[in-house]
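Please look at the sequence and the model together, and follow the chain as the paragraphs below take up its parts in turn.

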Amino acid sequence: MSQRNTRHDTFVIERTYPASPARVFNAWADPEAKARWFAWATPRISVSLATVDLLPAGSGTRLIFTEQAVFLDGADAVSERERGTRDLLERLGAALTREPANT
């Protein structure tokens, strides 16, 4: 059996979106809405627990994304994951801007 290695790390990203908490939640919870902005690699390179807090911020939403990850066999690193997550959250912001508010 080959030797496996793991690395544990955590990062936090905060964003404010000009959309209601209900609308931002829907962008995460509705599979069709999420498919418009969320894409991720298919091979198993890590295991993680992500927490997304959605807080009212004036007429918008403050999102606090916290991810606690275990990266497997050097296939990913916290800097790459954080950069990728930042890109995804930018895509979320673009999707919220371009789509009409239903909630």
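**A walk through the fold**

The chain holds 3 helices and 3 strands, and the model in which they are seen is a predicted one. If you read along the sequence, these elements come in the pattern β-α-α-β-β-α. Taken along the principal axes, the C-alpha atoms fill a box of roughly 55 × 25 × 20 Å. Of the 103 residues in the chain, 32% are buried. When contacts with a separation of 6 or more are considered, 75% of them join residues that lie 24 or more positions apart in the chain.

Let us begin with the sheet. Strands of a sheet pair through backbone hydrogen bonds, and this pairing may be either parallel or antiparallel. Here 3 strands form an open sheet with antiparallel pairing, and their order in it is E1-E3-E2. Strand E1 (6–17) and strand E2 (46–57) stand at the edges, where each has a single partner strand, so one side of each is left without a neighbour in the sheet. On average, and with direction ignored, neighbouring strands of this sheet are turned by 10 degrees against each other.

Strand E3, which covers residues 60–72, is joined to E1 by 12 bridges, and the two strands run antiparallel. To find this pairing in the model, you can look for Arg-15, whose bridge partner in E3 is Leu-63, and for Phe-11, which stands opposite Glu-67 in E3. The pairing of E2 with E3 is likewise antiparallel and is made by 12 bridges, and in it Val-52 has Phe-65 of E3 as its bridge partner. E2 and E3 form a hairpin with 2 residues between the strands, and in this hairpin Gly-58 takes a positive phi near 65 degrees. How far is E3 enclosed by the rest of the structure? Of its 13 residues, 10 are buried, so E3 is largely enclosed.

Beyond the end of E3 the chain enters a loop that leads to H3, and Asp-73 is found in this loop. Most residues other than glycine have a negative phi. The phi of Asp-73, by contrast, is near 55 degrees, a positive value in a residue other than glycine. Asp-73 has a relative accessible area of 34%, and because this value lies between the limits of 20% and 50%, the residue counts as partly exposed.

The helices can now be added to the picture. Helix H3 (residues 78–98) lies across E1, E2 and E3, and it runs at about 25 degrees to E1. Two packed helices are described by the angle between their axes and by the distance between the axes. For helix H1 (residues 21–29) and H3, the angle is about 120 degrees and the axes are 11 Å apart. That angle makes H1 oblique to H3, and the crossing of the two helices is right-handed.

Which residues meet where H1 and H3 come into contact? From H1 there are Arg-23, Val-24, Ala-27 and Trp-28, and these meet Leu-89, Leu-92, Ala-95 and Leu-96 in H3. Sorted by kind, the residues of this contact are 7 nonpolar, no polar and 1 charged.

Methods:
Residues numbered from 1 in each chain as written. Predicted model: local features only at pLDDT ≥ 70, side-chain atom pairs only at ≥ 80, totals over all residues. Heavy atoms only, no water. Axes fitted to C-alpha atoms, helices over the stretch in contact; angles between N-to-C directions. Helix = DSSP H or I, 4+ residues; strand = E, 2+ residues; numbered from the N terminus. Parallel < 35°, antiparallel > 145°, perpendicular 65-115°, else oblique. Left-handed = near helix turned anticlockwise from the far one by under 90°. Contact = heavy atoms within 4.5 Å. Nonpolar A, V, L, I, M, F, W, Y, C, P; charged D, E, K, R; others polar. Pairing = 2+ DSSP bridges. Buried < 20%, exposed > 50% of the residue type's maximum accessible area, 1.4 Å probe, protein only.
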